[in-house]
Amino acid sequence: MSHSTPTIGFIGLGVMGGPMCRNVALKHNGDVIAFDMQPAAFAILEGTKAQKAESVSAIAENADIVFLSLPGGPQVESVCLGENGLASGDRKPSIIVDLSTTTVDSARSVAEKLKQHGIDFSDAPVARTREAAQRGELSIMVGAGQEMFPRIEQLLHYMGSDVTHCGEVGCGQVVKLANNALVFENTMALAEMMVVSERAGVRPEVLLDAVSKGSGDSFALRNHGRKSLLPREFPEKSFPPEYALKDLGYMLELASQTGVSAHVTQLAERYYRATAENGWNGRYFPAVIEIIDGNVDLD
């Protein structure tokens, strides 16, 4: 990597990646180049200095540090190590930072393989909402070596207001999976209590107001509860139950590897699978309240 201002590459301009890349392009003093397989995705970068790359190879040929925001581990491995991937050419980036959510094993495997190509790797999955991504106020959980973290910390602050060094490579994914499992489980529990309370004569808005002033308050209540569960609004192009199932599956894999019987997470997986299979696939995951309210069989 050059000792001058690095050129940043960004791959993946989806729901979260698009606004993250826009913030990088607006705040970074050096060049920014971006790639996505969908031409329409580049619209979010209009009005910035970001340049459009035609391929992953073009990113590798020009970028010093590359950020990834991809659907999951298989895509990350393919972009990093596949044919025409970031590590395949003569010219390679010095650092790859993965903002995606993957398994812990995947992050550590990709890091080890990239090391053989002289590329440093960090997992840095993000939390909070698309709106937080747009504001540059994400929480970013970083798995990186002690020498690596200071090299990327300031760049991550382009996208996040809270950047936490969680430990070595893979530890960012551990924390992110725990975070997501807690959000899905809290939202499911809140939805259940809203349905029970309403059937017992307490209006949902009264329940949320009262609980928000007591020990039952939570991020899920203030956000998913008020903004989605209460009005029963579950838009498309938000975080759907299929994505929740992916992350819960990753957490259950990790729990198995560590010898933990994660019964709460197993129950959450059953609820969100029922949500995806009963008309709410592609819609915002708090639609789980409709499964609870409809007494849908989880088996």
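This is a short talk on the overall build of one protein, two of its buried residues and one of its pockets.

Okay, hi everyone. First thing to keep in mind: what you see above is a predicted model.

Let's start with the whole thing. The protein has twelve helices and nine strands. Its radius of gyration comes out at 20 Å, and the globule rule gives 19 Å for 299 residues, so we have something as compact as a globular protein of that length. If you line up the principal axes, the C-alpha atoms fill a box of roughly 65 × 45 × 35 Å. Buried residues are 51% of the 299. On the outside, the accessible surface is about 13900 Å², and carbon and sulfur atoms account for 49% of that.

What about contacts along the chain? Take the pairs at least 6 apart in sequence: 67% of those contacts join residues at least 24 apart.

Now a couple of residues to click on. Go to leucine 248, which sits in helix α10, residues 241–257. Is leucine 248 buried or exposed? Buried: its relative accessible area is 1%, and the cut-off for buried is under 20%. Skip the neighbours within four places in sequence, and leucine 248 is in contact with Ala181, Phe184, Glu185, Thr265, Ala268, Glu269 and Tyr272. For a sense of scale, alanine 127 is 121 residues away from leucine 248 in sequence, and their C-alpha atoms are 15 Å apart.

Next stop, valine 79, over in helix α3, residues 73–81. Valine 79 has 13% relative accessibility, so with the line drawn at under 20% it counts as buried too. Who does valine 79 touch, once residues up to four places away are left out? That would be Ile11, Val56, Leu68, Leu70, Gly85 and Leu86. Look at Val56 in that list: it is 23 residues from valine 79 in sequence, yet C-alpha to C-alpha the gap is 7.2 Å.

Last item, and probably the one you'll want to poke at: the second largest pocket. It holds about 300 Å³ of space. There are 13 lining residues, and the closest to the pocket centre are Lys115, Asp120, Phe121, Gly145 and Val169. Which element gives the most to that lining? Helix α4 does, with four residues. Both α4 (104–115) and β6 (120–123) put in at least two residues each. As for chemistry, the lining splits into six nonpolar, one polar and six charged residues.

That's my tour, thanks.

Key. Residues numbered from 1 in each chain as written. Predicted model: local features only at pLDDT ≥ 70, side-chain atom pairs only at ≥ 80, totals over all residues. Heavy atoms only, no water. 1 Å grid on protein atoms, 1.4 Å probe; cavity = no way out; pocket = protein on both sides within 12 Å on 5 of 7 lines; lining within 4 Å. Points joined across faces, edges and corners; volume = space filled by probe spheres on them. Nonpolar A, V, L, I, M, F, W, Y, C, P; charged D, E, K, R; others polar. Rg over C-alpha atoms; globule rule 2.2 N^0.38 Å. Buried < 20%, exposed > 50% of the residue type's maximum accessible area, 1.4 Å probe, protein only. Contact = heavy atoms within 4.5 Å. Areas by Shrake-Rupley, 256 points an atom, 1.4 Å probe, with all protein chains shown as cover.
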